[in-house]
Amino acid sequence: MKTPATLRADAEAQAARFPDLLARAEHLAGAVLLGAHGRRRAGVGDDFWQYRPAQAGDSRRRIDYRRSAMGDQEFVREREWQIAQSVMLWVDQGASMRFSSDVKLPQKIDRARLLGLAVAIMLQRGGERVGLTGTALPPRSGRPQILRLAEMFCKDDPADYAPPEHRAMVPHARALFISDFMGDLEGVTLALTKAADRGVRGVLCHLLDPSEEAFPFSGRTIFQSIGGTLSHETLKASDLKSRYLERLAERKSELQRLCALTGWHYGVHHTNASAQSALLWLYSALDTRAGMAA
């Protein structure tokens, strides 16, 4: 059991990460922000979209007399259709995510938090409501929601492998799951199935350290989970490489199959790759103008 002193130390450590994460996410989002993403079609909204010639049945109140005075034809001023979409995030905060094979590389959890918060900032700036899966932080709009998300993302989960939260899925919303998906896939299957039942479509971002793809181990090696609950020692780690890579390929294939069945996107991102490129792909995959392609 944690003492008041250790609880305070943990709280101070989390508080120290909070402003740094927020600043980096805002910088990343600002570097790739594609602009507000309204739906390019006529409807109810605040932003001007286009002028079109007046047609029979148009109300006289819709005529833009300043534009019409420039010629002999009357024009209607149309606004862009903008209806806020709810987007729910799940960023795996389990212990397995606190791994990096090199001091020059970020931990998986650091990259996951950065991408999750940057996506939230971009969506919020586009007028969308963003929150977490589950009941802790329902989708809302506005700057205070981004601050709440940043605070929530700075809390570690002590479990080695944290399953996705599947409760309180908002019907017909969008969702983003970011994880290494190293744990039991039963939780992932349950979450995607429940999401599909409620018309929720989204993106699975499979985030891996490059060493988890290459398995560059040989000789005597001790493999241990970050949480310390699992351990395996071998004298010839290279003998495990082919079996490990086969299992990893099977896992990727199963995740792709689940996404195909439920209408989700699947993508792999490595921590040695550009966070900016990953953010562009995630934002595009979640873009509700284009919908979720099969």
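## Turn after helix α3

Just after α3, Gly-127 takes a positive phi of about 95°; helices (H or I, at least four residues) and strands (E, at least two) are DSSP runs, numbered from the N terminus. The model is predicted: local features need pLDDT of at least 70, side-chain atom pairs count only at pLDDT 80 or more, and totals for chains, interfaces and linings use all residues. Residues are numbered from 1 along each chain as its sequence is written, and side-chain values use heavy atoms, with hydrogens and water left out.

Helix α3 covers residues 108-125. From the first C-alpha to the last, the 18 residues of α3 reach 26 Å, close to the 26 Å expected at 1.5 Å a residue (1.5 Å times one less than the number of residues). The helix is mostly covered, with 15 of its 18 residues buried (buried is under 20% relative accessible area, exposed over 50%, partly exposed in between; 1.4 Å probe, protein chains only).

## Strand β4 and its neighbours

Strand β4 spans residues 86-91. Since 6 of the 6 residues of β4 are buried, the strand is largely enclosed by the rest of the structure. Ser-86, Met-88 and Trp-90 point one way from β4, while Val-87, Leu-89 and Val-91 point the other way. Both sets of side chains belong to buried residues.

Strand β4 has parallel pairings with β5 and with β6 (a pair needs at least two DSSP bridges between the strands). With β5, residues 129-132, there are 4 bridges; with β6, residues 174-179, there are 5. Met-88 takes part in both pairings: the residue opposite Met-88 in β5 is Gly-131, and the bridge partner of Met-88 in β6 is Ala-175. The connection to β5 involves α3, and β4, α3 and β5 form a right-handed β-α-β unit (with the strands pointing away from the viewer, the path from the first strand over the helix to the second runs clockwise).

## From β6 to β10

Strand β6 also pairs in the parallel sense with β7, over 6 bridges. In this pairing, Ser-179 has His-206 of β7 as its bridge partner. The chain passes from β6 through helix α5 (residues 186-197) to β7, and this β-α-β crossover is right-handed. Strand β7, residues 201-208, is mostly covered, with 7 of its 8 residues buried.

A parallel pairing of 6 bridges joins β7 to β10, residues 265-270. His-206 appears again here, with Val-268 as its bridge partner in β10. Val-268 lies 9.0 Å from Ala-278, C-alpha to C-alpha, with their positions 10 residues apart in sequence. Ala-278 is in helix α8, residues 275-285, and is buried at a relative accessible area of 9%.

## Positive phi in the loop before β6

Most residues other than glycine have a negative phi. Ala-168 is a residue other than glycine with a positive phi, near 55°, and His-172, also not a glycine, has a positive phi of about 60°.

Ala-168 is found in the loop between α4 and β6, and His-172 is likewise in the loop between α4 and β6. Their exposure is as follows: Ala-168 is partly exposed, with a relative accessible area of 39%, and His-172 counts as exposed at 59%.

## The second largest pocket

The second largest pocket holds about 380 Å³ of space. A pocket is an open set of points on a 1 Å grid over the protein atoms alone, where a 1.4 Å probe fits, with protein on both sides within 12 Å along at least five of seven lines; lining residues have an atom within 4 Å of a point. Points are joined across faces, edges and corners, and the volume is the space filled by probe spheres set on them.

Among the 19 lining residues, those closest to the centre of the pocket are Trp-90, Val-91, Gln-93, Leu-132 and Met-152. Two elements, β4 and α4 (143-153), give two or more residues to the lining. The largest share, 3 residues, comes from β4. By type, the lining has 9 nonpolar, 4 polar and 6 charged residues (Ala, Val, Leu, Ile, Met, Phe, Trp, Tyr, Cys and Pro count as nonpolar, Asp, Glu, Lys and Arg as charged, and the others, Gly among them, as polar).
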